[in-house]
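Colleague: Could you walk me through this one? I'd like to start with the strands, then look at pockets and cysteines.

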Amino acid sequence: MTTRVAAIDCGTNSIRLLVADLPDADAGPEAPLTDLSRRMEIVRLGQGVDRTGRLAPEAIERTRVALADYAEEIGKLGAERVRMCATSASRDASNAGDFRAMVEQTLGVAPEVVTGDEEARLSFTGAVRGLPADAREPYLVVDIGGGSTEFVVGTRSGGVQAAISMDIGCVRMTERHLHGDPPGLDEIAAAQADIAVAVDRALEAVPGREAATLVGLAGSVTTVVAIAQDLREYDPERIHHARVPYDRVADVTADLLAKTREQRLAIPVMHPGRADVIGAGALVLRVIMERAGMDAVVASEHDILDGIAWSLL
């Protein structure tokens with residue numbers, strides 16, 4: 001017996017859909033889910049939120065268009081249960097009620113504006129199922145989003161031990177610091193200092209420096225890993241569970257920050273909607289590795305989206 005579910009993750013930068021069949025609850029913790037549809041659209045819901053404290057009307061409309069398309073696919077595939085989680089941007093916005101009303105009208109279910117801690121726990125659940133046996137515990141799972149980054153420490157058997165969310169996402173850091181094209185050295189230094197303060201606070205709180213394996217989630221990480229592997233096209237199978245050393249991450253980060261937006265768009269694996277914020281996302285990853293003393297990161301294509309789906313079991 002399987003259960004067909006639909007999970008939607010609406011973040012600051014992107015909105016994603018997973019329709020999947022979940023195994024029977026008695027199948028055991030290692031039984032995988034079966035993907036039927038996995039999609040992503042860049043809608044930049046968090047456009048300007050760090051500055052204005054409000055969701056822009058055009059950002060809500062972009063999200064509505066993508067969500068209407070997802071709702072059609074969910075109906076076509078016959079999902080029995082649907083859960084949509086909205087994260088950092090809609091937590092912060094003063095007009096979150098407008099967003100909620102739009103979602104209910106378009107999707108037929110209310111969005112859950114999850115807390116940072118719940119966001120982190122969902123990410124951890126999605127990430128650690130299926131990790132290679134040689135990935136030593138405990139894990140430090142970091143989910144680098146558009147508005148925030150979640151830090152979670154735990155084990156496969158014991159689950160989450162500690163979690164915290166910090167406001168250092170790739171969109172937020174770009175809007176706050178990286179204004180040049182390419183950004184100037186002073187802008188990069190300011191962003192790095194801002195990120196380092198937040199990372200140090202997070203690593204003390206979770207505590208991340210005691211972890212044996214760093215697992216990185218979401219588009220900033222997977223894009224950096226794809227570039228580090230010199231892929232000519234985005235290949236989830238080659239990216240999932242790839243291990244990339246710190247030196248390679250540092251090189252990719254420096255290269256991205258030195259390029260113009262036009263040059264970043266020319267990178268074969270670059271999603272057009274990520275080109276203007278990938279430098280900040282890569283910088284967040286590099287600083288985390290430095291401050292946590294990690295010599296490598298293991299990328300995961302499975303993240304909060306999968307965690308949302310598993311929560312419907």
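Colleague: In what sense do strand 6 and strand 9 pair, and over how many bridges?

Modeller: This is a predicted model. In it, strand 6 and strand 9 pair in the parallel sense, over five bridges. Valine 142 has glycine 216 of strand 9 as its bridge partner.

Colleague: And in what sense does strand 6 pair with strand 7?

Modeller: Antiparallel, over six bridges, with strand 7 covering residues 149-155. The two strands form a hairpin, and four residues lie between them. Leucine 140 is bridged to valine 153 of strand 7.

Colleague: How many residues of strand 6 are buried?

Modeller: Six of its six residues are buried. Tyr139, Val141 and Asp143 point one way, while Leu140, Val142 and Ile144 point the other way.

Colleague: Why the two sets?

Modeller: Because side chains in a regular strand alternate between the two faces of the sheet. Here the residues pointing either way from strand 6 are all buried.

Colleague: Which residues touch the most other members in the largest nonpolar core?

Modeller: Leu140, Phe151, Ile168 and Leu256, out of 55 residues in that core. Helix 12, residues 278-292, gives this core its largest share, 10 residues.

Colleague: How many residues are in the other core?

Modeller: The other core has 25 residues and lies apart from the largest one; Ala6, Ile15, Leu55 and Phe99 are among them.

Colleague: Pockets next. What space lies in the largest pocket?

Modeller: About 640 Å³. It is lined by 34 residues, and those closest to its centre are Arg16, Met40, Ala218, Gly219 and Arg274.

Colleague: Which elements supply at least two residues of that lining?

Modeller: Strand 2 (14-22), strand 3 (34-42), strand 6 (139-144), helix 8 (219-228) and helix 13 (304-310). So strand 6 turns up again, this time in the lining of the largest pocket.

Colleague: What is the lining like by class?

Modeller: The lining of the largest pocket has 15 polar, 10 charged and nine nonpolar residues.

Colleague: And what volume does the second largest pocket have?

Modeller: About 230 Å³. Of its 14 lining residues, Asp134, Ala135, Thr213, Arg243 and Val298 are the closest to the centre. Strand 9 (213-217) and strand 11 (296-300) are the elements that give two or more residues to this lining.

Colleague: Which element gives the most there?

Modeller: Strand 11, with three residues. By class, the lining of the second largest pocket divides into eight nonpolar, four charged and two polar residues.

Colleague: Changing topic: how many disulfides does the structure hold?

Modeller: Zero. Cysteine 85 is in no disulfide, and the nearest cysteine sulfur to it, in cysteine 10, is 10 Å away.

Colleague: Is cysteine 85 buried or exposed?

Modeller: Buried, with a relative accessible area of 0%.

Colleague: Why is the sulfur of cysteine 170 without a bond to another cysteine sulfur?

Modeller: Because the closest cysteine sulfur, in cysteine 10, is 14 Å from that of cysteine 170, which is too far for a bond. A disulfide needs the two sulfur atoms within 2.5 Å.

Colleague: And what is the relative accessible area of cysteine 170?

Modeller: The value for cysteine 170 is 1%, and the residue is buried.

How values were computed:
Residues are numbered from 1 along each chain as its sequence is written. This is a predicted model: local features need pLDDT of at least 70, side-chain atom pairs count only at pLDDT 80 or more; totals for chains, interfaces and linings use all residues. Side-chain values use heavy atoms; hydrogens and water are left out. Buried means under 20% relative accessible area, exposed over 50%, partly exposed in between (1.4 Å probe, protein chains only). On a 1 Å grid over the protein atoms alone, a cavity is a set of points where a 1.4 Å probe fits but cannot get out, and a pocket is an open set with protein on both sides within 12 Å along at least five of seven lines; lining residues have an atom within 4 Å of a point. Grid points are joined across faces, edges and corners, and a volume is the space filled by probe spheres set on the points. Ala, Val, Leu, Ile, Met, Phe, Trp, Tyr, Cys and Pro count as nonpolar, Asp, Glu, Lys and Arg as charged, and the others, Gly among them, as polar. Two strands pair if DSSP finds at least two bridges between them. A nonpolar core is a set of buried Ala, Val, Leu, Ile, Met, Phe, Trp, Tyr and Cys residues joined through side-chain atoms within 4.5 Å.
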